[in-house]
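This briefing introduces one structure to a reader who has not seen it before. It covers how two helices pack, one loop residue and the salt bridges.

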Amino acid sequence: MSDVLEQLATTLAARRQGDPEQSYVASLHHKGLNKILEKVGEEATEVILAAKDAERGGDRNAVIGEVADLWFHTMVMLSHLELDTQEVLLCLGDRFGVSGLDEKAARDTRGN
């Protein structure tokens with residue numbers, strides 16, 4: 001895992017049980033999974049809008065910032081569910097060398 005992702009995962013785990021008055025991450029955990037998922041959805045929408053704007057000559061750096069926000073909130077969700085970020089990276093690693101079409105077809109037959 002990249003050092004940044006590893007540091008972020010460690011920080012998120014530490015703040016999970018923190019004081020919601022002192023930590024944004026703790027406040028998200030305190031509000032529960034639905035609030036975290038709402039933030040993931042909001043950030044995904046902002047990525048889409050920023051990407052469409054960038055394609056039309058808009059601020060390409062906005063896409064980077066929005067993707068960072070999406071990754072952050074997705075990692076909060078994984079932390080809330082006590083899922084290890086490393087598992088996501090391993091899953092991505094397992095997909096190397098497999099055609100994207102073949103991998104998608106295999107997921108479709110597994111119902112994923």
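Angles between helix axes under 35 degrees count as roughly parallel, those over 145 as roughly antiparallel, those from 65 to 115 as roughly perpendicular, and the rest as oblique. The model described here is predicted.

**Packing of helix 2 and helix 4**

- Helix 2 spans residues 24-31 and helix 4 spans residues 60-80; the two pack with their axes 11 Å apart, at an angle of about 55 degrees.
- Helix 2 and helix 4 are therefore oblique to each other.
- Where helix 2 and helix 4 cross, the crossing is right-handed.
- Helix 2 contributes Tyr24, Val25, Leu28 and His29 to the contact, and helix 4 contributes Phe72, His73, Val76, Ser79 and His80.
- Sorted by class, this contact of helix 2 with helix 4 has five nonpolar residues, four polar residues and no charged residues.

**Arg16**

- Arg16 is located in the loop between helix 1 (3-15) and helix 2.
- The backbone oxygen of His80 is reached by the side chain of Arg16 at 2.9 Å.
- Neighbours within four places in sequence aside, Arg16 is in contact with Ala26, His29, Ser79, His80 and Glu82.
- Among these partners of Arg16, His29 belongs to the helix 2 side of the helix contact, and Ser79 and His80 belong to the helix 4 side.

**Salt bridges**

- There are four salt bridges in the structure.
- One salt bridge joins the side chains of Glu38 and Lys35, at 3.0 Å from N to O.
- Both Glu38 and Lys35 lie in helix 3 (residues 33-55), where they are three residues apart, about one turn of the helix.

Terms used: Residues are numbered from 1 along each chain as its sequence is written. This is a predicted model: local features need pLDDT of at least 70, side-chain atom pairs count only at pLDDT 80 or more; totals for chains, interfaces and linings use all residues. Side-chain values use heavy atoms; hydrogens and water are left out. Axes are lines fitted to C-alpha atoms, for helices over the stretch in contact, and angles run from 0 to 180 degrees between N-to-C directions. Helices (H or I, at least four residues) and strands (E, at least two) are DSSP runs, numbered from the N terminus. A crossing is left-handed if the near helix is turned anticlockwise from the far one by less than a right angle, and right-handed if clockwise. Contact means heavy atoms within 4.5 Å. Ala, Val, Leu, Ile, Met, Phe, Trp, Tyr, Cys and Pro count as nonpolar, Asp, Glu, Lys and Arg as charged, and the others, Gly among them, as polar. A polar contact is a pair of N or O atoms within 3.5 Å; within protein, one must be able to donate a hydrogen and the other to accept it, and residues adjacent in sequence count only if both atoms are side-chain atoms.
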